[in-house]
Amino acid sequence: MILELLELLFNAGFWAATIRIACPLLMATLGELICERAGVLNLGIEGIMTIGALVGWTTVYLGGDLSTGILVAALVGASFGLLHALFSVYLGASQHVTGIGITLFASSIGYYSFRILLPSSTTPPKIVAFQTIEIPVLSDIPFLGIALFQHTTFTYFAFLMVPIVFWLMNKTPLGLAIKVAGENPMALEAQGLDVLFIRTIALMIGSALMALGGAYLTMSAFDAFYFGMVNGRGWIAIALVIFASWQPFRALLGAILFAAFDAFQVRAQQLAGAFIAYQFFLMLPYILSIVAMIFAAKSTHYPRALLIPFRRGERH
Amino acid sequence: MKALLNVENISKSFGKLNANKNITFNVATGEILAILGENGAGKTTLMNIIFGHYLADKGTIKFNNNELKPGDPKAAISAGIGMVHQHFTLAENLTVLENTLVGTQSLYHPNLTKRKSIDKLNYLAREFGLELDPKQLVRNLSVGEKQRIEILKTLFSDCKLLILDEPTASLTPQEVTTLFTSIRKMVTNGVSVIIISHKLNEILEISDRIVVLRSGAVVGEVKTKNADKTQLGEMIVGHKINRPNRGKNVIGETKIKLCSISVKSDNGTSILDKVTLEARGGEIIGIAGVAGNGQKVLAETMSGHVTPAFGTIYINGKNLTGKYPEDFMRSGVAYIPEDRNLDGTIGDMSIWENVILSETKNTKIFQKNGILNRINSHNLAHAVCQNNDVRYQSIQQPARLLSGGNIQKLLIGRWLIRKPNVIIACQPSRGLDEGAISTVHKTLLSERKKSTAIILISEDLDELLLLSDKILVLYNGKLSETIENRNVNINQLGLKMAGEGF
């Protein structure tokens with residue numbers, strides 16, 4: 001049995017599944033990373049992913065094309081980011097309370113709208129989602145071809161986000177301003193920039209990415225919207241940001257690692273389910289991510305001003 | 001000379017406190033203007049108004065004869081004003097270059113122009129004697145180097161008026177000299193400077209003209225070359241300054257004794273090396289030395305916050321090695337920490353809450369069944385404030401709104417209610433103004449009269465010579481032999497502080 005499990009690691013299908021499972025986590029983690037780098041913990045992530053999954057799917061279901069669906073999901077995500085900013089940045093409310101509030105609000109309004117749209121359906125209808133695109137030449141490479149180059153456009157898009165976010169954070173004036181907002185907002189103000197504005201922008205970009213992570217579920221993975229389909233992925237993303245030490249490429253590593261454990265546990269259930277309770281396997285990715293975090297997370301990388309609201313003109 | 005900056009009738013209040021009252025002054029091109037005043041005189045508030053962090057209630061600011069848009073740092077920066085804040089405004093996890101670049105380019109630009117900026121930064125650093133590696137992470141830099149970044153930041157944005165808020169507060173004497181050289185270079189390059197300080201000697205050395213603030217108002221203005229030190233000192237405080245007299249002391253029995261204490265850091269290097277020290281009642285033992293030679297750890301060892309690797313500590317004859325700070329407190333040790341904002345008080349909690357922090361065993365305050373007696377707590381807080389000259393508006397106000405001097409007086413007052421018999425005072429007057437320093441000194445001397453043993457750790461030689469009966473020098477974790485105050489030779493002490501004879 002051990003041998004059979006080890007064989008998995010050399011199975012291209014297993015890695016292709018890992019890549020698919022990693023996508024929503026990856027986009028959500030990158031989104032959370034941008035928010036936290038600006039000094040705002042966005043606990044609205046779980047709800048924003050849910051609403052992103054719903055609006056992306058609905059747009060296509062109602063006749064929009066797939067790219068419009070992505071655009072709508074991103075815009076709706078950004079507007080929830082703006083709502084978060086209104087409370088946590090401009091009014092200086094607790095980021096925890098605001099975030100949990102956004103999550104409850106966004107997922108509830110999502111489920112409610114879904115019920116209004118489809119009052120009587122029992123099996124959720126499917127849309128024609130993103131199709132697999134085999135990249136010419138590359139997809140013919142043995143093993144790697146199946147694992148990496150036979151995916152949907154949305155999958156490639158998700159992975160493209162890694163270098164884009166890296167570029168944003170490390171090579172642009174906006175990214176630099178976002179990082180300073182999360183380290184020492186006073187430094188930003190002393191250089192003549194508006195801390196509240198920068199934090200709002202970061203929240204909007206980050207939340208848009210989270211919504212795309214949610215939309216991936218309905219537009220590329222399951223092709224339909226289910227209740228509770230985000231299923232804690234948002235919370236995992238928050239842990240992955242710490243695992244990643246707030247670095248985009250390490251977020252990629254973390255998302256793939258977690259996804260691999262997840263893909264592994266599904267197959268392990270099939271192989272060993274007879275003598276080990278399946279709940280044990282369900283638990284595995286979470287335990288392993290805790291262990292990984294213990295070794296990977298270093299407190300020195302923590303954005304120093306995370307969770308601290310900034311108020312202008314106050315005596316410090 | 002032509003006025004570069006005109007400040008006219010600026011007023012600003014925070015609640016009941018009038019921080020600035022009708023302040024008017026100007027700065028000429030190429031001038032170094034010093035703004036002198038005690039902590040809480042309103043100097044920083046005034047600068048924050050000029051730079052646009054705060055909105056003034058009344059008054060105007062003109063730069064180059066154009067009115068400056070109030071409450072907007074961006075307007076101040078683009079007009080050519082640069083400010084170095086007392087508490088550095090740096091992002092610790094980013095590099096020197098990144099800290100300099102932020103805000104200098106349009107946010108919508110797709111690319112940071114790093115290479116050109118490195119060249120400009122290196123050029124400025126060479127030109128003004130502010131050498132720094134642009135790629136270094138800020139958190140790895142010393143205080144002096146961090147200040148250089150702050151100055152470079154303003155030069156990078158082509159500033160014509162540089163505001164320095166207490167620039168020498170945490171610098172070593174050598175770093176102060178370097179800073180002043182850089183300031184002079186900037187002035188020859190056409191930059192005007194406003195320097196805020198409460199250190200008279202430094203102001204007299206660097207400035208052209210002095211404006212004195214007291215309780216938020218301008219009380220005097222003099223040309224530095226005509227200034228008189230004593231007169232200025234009195235202008236700052238508003239009355240004559242009396243230096244306390246040590247007087248005779250009655251030596252009691254040994255209250256604190258350290259036998260061959262060694263402390264090691266996490267990576268195994270030695271912080272304290274076989275330190276042996278003894279203080280008797282009625283004695284002030286001064287520990288001299290440049291900061292960073294183990295002072296903080298020595299103080300923390302004596303107050304039980306650090307457990308030594310080797311050696312024993314006796315308080316009132318009792319062996320307390322390895323015991324908790326609470327045991328030290330109960331044996332009568334009072335610890336005035338170096339960083340009063342971080343280790344001494346909780347800034348966001350009210351004054352009265354800070355007062356009762358160390359009174360958890362006081363049954364008048366923490367009563368049976370876990371009930372807090374507010375009336376007794378408030379009374380205690382009022383008493384501590386009044387007995388120790390803490391100036392406050394309400395005991396409900398957060399402690400962080402108090403000035404440094406008042407926080408220190410509150411902290412000392414909190415210890416005095418416990419009637420300590422050993423006081424560990426670590427840099428007790430650092431960053432305080434004349435008035436507060438004199439109160440702290442008087443308190444220490446009156447405790448000495450009550451036969452308390454006092455360990456005074458200080459970088460300020462004047463303070464040590466004024467107060468201590470005996471002086472030892474701490475260098476690289478080792479203590480020198482004991483020198484009686486009357487036998488002290490300043491030059492010898494200086495050489496010891498630089499490490500000679502260790």
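**Strand pairing and a chain contact in a predicted model**

Reader: This is a predicted model, right at the start. How many bridges do β9(B) and β10(B) pair over, and in which sense?

Author: Strand β10 of chain B covers residues 217-223. Within the pairing, B:Val212 stands opposite B:Gly220. The two strands, β9(B) and β10(B), run antiparallel, and the count of bridges is 6.

Reader: And which residue in that hairpin takes a positive phi?

Author: The hairpin of β9(B) and β10(B) has 2 residues between its strands. The one with a positive phi, near 45°, is B:Ser215.

Reader: β9(B) also pairs with β3 of chain B; in what sense?

Author: Take β3, residues 32-36, and β9, residues 209-214, both of chain B. B:Leu33 stands opposite B:Arg209 there. Over 4 bridges, the sense is parallel.

Reader: Now the open sheet of 4 strands in chain B: which are its edge strands?

Author: The order is β2-β1-β4-β5, with antiparallel pairing. At one end, β5(B) pairs with β4(B) over 2 bridges, and B:Phe63 has B:Asn66 as its bridge partner. An edge strand pairs on one side only, and that picks out β2 (17-28) and β5 (66-67).

Reader: At what angle does helix α1 of chain B run to β1(B)?

Author: Helix α1 spans residues 43-51 and lies across β1, β2 and β4 of chain B. Its angle to β1(B) is about 120°.

Reader: Which element gives the largest share of the side of chain A that touches chain B?

Author: The contact takes 21 residues from chain A and 28 from chain B. On the chain A side, α8 (173-183) and α9 (185-190) each supply at least two residues. The largest share, 7 residues, comes from α8(A).

Terms used:
Residues numbered from 1 in each chain as written. Chains lettered and ligands numbered in written order. Predicted model: local features only at pLDDT ≥ 70, side-chain atom pairs only at ≥ 80, totals over all residues. Pairing = 2+ DSSP bridges. Contact = placed C-beta atoms within 7 Å. Axes fitted to C-alpha atoms, helices over the stretch in contact; angles between N-to-C directions.
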